Amino acid sequence: MESSSAGARCRNCGTHVTQQFARVFGDNGDVVHGCPACTTYREMQSGGHLPR
């Protein structure tokens, strides 16, 4: 996912996500590696969707 004025996208599945979602669930660079379309909320809350 790359942040832009057009909006953010999940790097895993390409689904559009809001900038706010990217700030909350993305990594330190607001890059989203998993979204509700391809990841469970439990994984997102625990950070299980982020690459190691």
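This note goes through the predicted model above, from overall confidence down to single residues.

1. Confidence. The model is predicted, not experimental. Mean pLDDT for the chain is 85. Of its residues, 88% reach 70 or more. Among the elements and their confidence, strand β2 (residues 16–17) ranks highest, at 96. Confidence is lowest in α2, at a mean of 85. Residues 1–5 need separate handling: their pLDDT is below 50. Even so, this stretch has 16 contacts in the model beyond near neighbours in sequence.

2. Layout. The chain contains two strands and two helices. Read from the N terminus, the order is β-β-α-α. Helix α1 covers 19–25 and helix α2 covers 41–46. The loop between these helices holds His33, Thr39 and Asp30. Each of the three gets a point below.

3. Burial and surface. The chain has 52 residues, and 33% of them count as buried. About 3500 Å² is exposed. Carbon and sulfur atoms supply 45% of that area. As for contact range, take the contacts between residues at least 6 apart in sequence: 18% of these join residues at least 24 apart.

4. Nonpolar core. Which residues make up the largest nonpolar core? There are nine: Ala8, Cys10, Val17, Phe21, Ala22, Phe25, Val32, Cys35 and Met44. Helix α1 provides the largest share of this core, three residues.

5. Aromatic pair. How many aromatic pairs does a search of the whole structure find? One. The partners are Phe21 and Phe25. A pair of this kind is described by the distance of the ring centres and the angle of the planes. For Phe21 and Phe25, the centres are 4.8 Å apart and the planes make an angle of 35°. The pair counts as tilted because planes under 30 degrees apart would be stacked and those over 60 edge-to-face. Both residues lie in helix α1, four residues apart, about one turn of the helix. Phe21 and Phe25 are both buried. Both also belong to the largest nonpolar core.

6. His33. Is His33 buried or exposed? Its relative accessibility is 16%, so His33 counts as buried, the limit being under 20%. The His33 side chain makes a polar contact of 2.9 Å with the side chain of Asp27. Leaving out residues up to four places away in sequence, His33 touches Cys10, Arg11, Asn12, Asp27, His49, Leu50 and Pro51. One of these, Cys10, is a member of the largest nonpolar core.

7. Thr39. This loop residue has a relative accessibility of 12% and therefore counts as buried. Beyond its neighbours within four places in sequence, Thr39 is in contact with Gly34, Met44 and His49. His49 is also on the contact list of His33. Met44 is a member of the largest nonpolar core.

8. Asp30. Where does Asp30 sit? In the loop between α1 and α2. Its backbone deserves a look. Asp30 has a positive phi of about 60°, although it is not a glycine. Most residues other than glycine have a negative phi. With a relative accessible area of 25%, Asp30 is partly exposed.

Definitions and conventions: Residues numbered from 1 in each chain as written. Predicted model: local features only at pLDDT ≥ 70, side-chain atom pairs only at ≥ 80, totals over all residues. Heavy atoms only, no water. Buried < 20%, exposed > 50% of the residue type's maximum accessible area, 1.4 Å probe, protein only. Polar contact = N/O pair within 3.5 Å; in protein donor to acceptor, adjacent residues only side chain to side chain. Contact = heavy atoms within 4.5 Å. Areas by Shrake-Rupley, 256 points an atom, 1.4 Å probe, with all protein chains shown as cover. pLDDT = per-residue confidence, 0-100. Core = buried A, V, L, I, M, F, W, Y, C linked by side-chain atoms within 4.5 Å. Phe/Tyr/Trp six-rings, centres within 6.5 Å; stacked < 30°, edge-to-face > 60°.
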